[in-house]
Structures are given as C-alpha cells and as structure tokens.
Amino acid sequence: MADQAQALGTHRRWVPAWHFFTVPVLVGNVVVVVMRFVRDPSIINGWAFLVALALLIGLVLSRNMPLRAQDRIIRLEERIRLQRVLPADLRGRVDELTTDQLIGLRFAPDDEAPELARRALSGDLKTRTDIKRAIKGWRADHMRV
C-alpha cells in the first residue's frame with residue numbers, strides 16, 4: 001500500500017485476514033450457534049452461544065480500541081501541524097476543531113489545510129468525509145492501523 005497513491009476513494013485500508021476471514025467466520029459462528037440453540041435450547045448450546053458472542057464482541061473491541069488510540073494520536077499530530085501551517089488568525093482556534101474534523105484534515109496537504117480548517121471552523125465542513133471530499137491534492141497516510 002505504501003507505493004500506491006491515495007485519494008478519497010482509495011484511502012480505506014482493507015486487511016484481508018480481518019475483513020474477509022476473521023470477522024465473517026465469527027459472525028457466521030454466532031449465526032450457526034444461534035440456529036443450533038433455537039433447535040435444541042439446552043444449557044450447553046446456550047453456553048456455546050454466549051461464548052460465540054463473547055468472541056465476536058472481544059474481537060471487535062480488540063480492533064476498535066487501537067483505532068480510538070490512533071484517533072487520539074492523529075488529533076495530537078494534527079493540532080501540532082496546524083499550529084505550524086495555519087495563519088495567525090486561525091492558530092488560536094485549533095482547539096475548536098472536533099476530533100472528526102482533525103482526522104479528516106490529516107489527508108490535506110499543508111497548502112490546503114488553512115482553507116479547509118477555516119471552512120471547518122465556519123461550519124461549512126462538519127465531518128471528516130466533508131473535509132476529505134474537499135481535498136484537491138491528497139496527503140497519503142500509509143502508517144495507520
């Protein structure tokens with residue numbers, strides 16, 4: 001992925017082992033165990049359902065927790081970068097940007113960031129997707145989780 005150019009349509013990271021094997025297998029496992037429990041509502045089948053559900057929830061949480069930590073790091077990195085690239089009138093307003101907006105701004109090159117930040121602060125660009133759509137020259141991020 002590091003050699004590929006990124007853009008709005010290509011920046012999402014797909015991890016085949018996660019997205020196309022682990023998650024579908026565990027979701028399928030919950031479905032199979034529920035069907036077995038419905039046909040034979042025994043204690044062992046009920047326990048198997050609880051274990052299958054716990055595995056699925058645990059796996060999803062094991063992915064989401066690092067993503068939340070990554071969002072916090074991105075928030076910090078972007079605040080530092082914006083203090084450097086924004087004009088003086090906007091520097092004092094960096095803390096007004098939401099985490100979602102900062103995450104969107106991480107893809108904006110330094111020359112586009114001031115105008116996009118201004119538009120975000122004015123309410124014109126509310127979400128990370130709004131900001132990503134407004135970026136003209138994509139700044140790739142190949143190090144995300």
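**Exercise 1.** Is aspartate 110 buried, partly exposed or exposed?

*Solution.* This is a predicted model. Start with the accessibility: aspartate 110 has a relative value of 32%. Next, recall the cut-offs: buried is under 20%, exposed is over 50%. Aspartate 110 therefore counts as partly exposed.

**Exercise 2.** Find the salt-bridge partner of aspartate 110, and place both residues.

*Solution.* The partner is arginine 84, with the closest N and O atoms 3.4 Å apart. Now locate the pair: aspartate 110 sits in the loop between H4 and H5, arginine 84 in helix H2. They are 26 residues apart, so the bridge links distant parts of the chain. Arginine 84 is exposed, at 55% relative accessible area.

**Exercise 3.** Which parts of the chain does the salt bridge between arginine 79 and aspartate 95 link?

*Solution.* First, check the bridge: the closest N and O atoms are 3.6 Å apart. Then place the ends: arginine 79 lies in helix H2, aspartate 95 in the loop between H3 and H4. The separation along the chain is 16 residues. Finally, compare exposure: arginine 79 is partly exposed at 27%, while aspartate 95 is exposed at 60%.

**Exercise 4.** Why do the buried residues of H5 lie on the same side of the helix?

*Solution.* List them: Ala113, Pro114, Leu116, Ala117, Ala120 and Leu121 are buried in H5. They cover an arc of only 165 degrees around the axis, which puts them on the same side of H5. Recall the geometry: an α-helix has 3.6 residues a turn, so residues three or four places apart point the same way. Last, find the neighbours: the buried residues of H5 pack against helices H2, H3, H4 and H6.

Note on methods
Residues numbered from 1 in each chain as written. Predicted model: local features only at pLDDT ≥ 70, side-chain atom pairs only at ≥ 80, totals over all residues. Heavy atoms only, no water. Buried < 20%, exposed > 50% of the residue type's maximum accessible area, 1.4 Å probe, protein only. Helix = DSSP H or I, 4+ residues; strand = E, 2+ residues; numbered from the N terminus. Arc of directions from axis to C-beta. Contact = heavy atoms within 4.5 Å. Salt bridge = Lys/Arg side-chain N within 4 Å of Asp/Glu carboxyl O.
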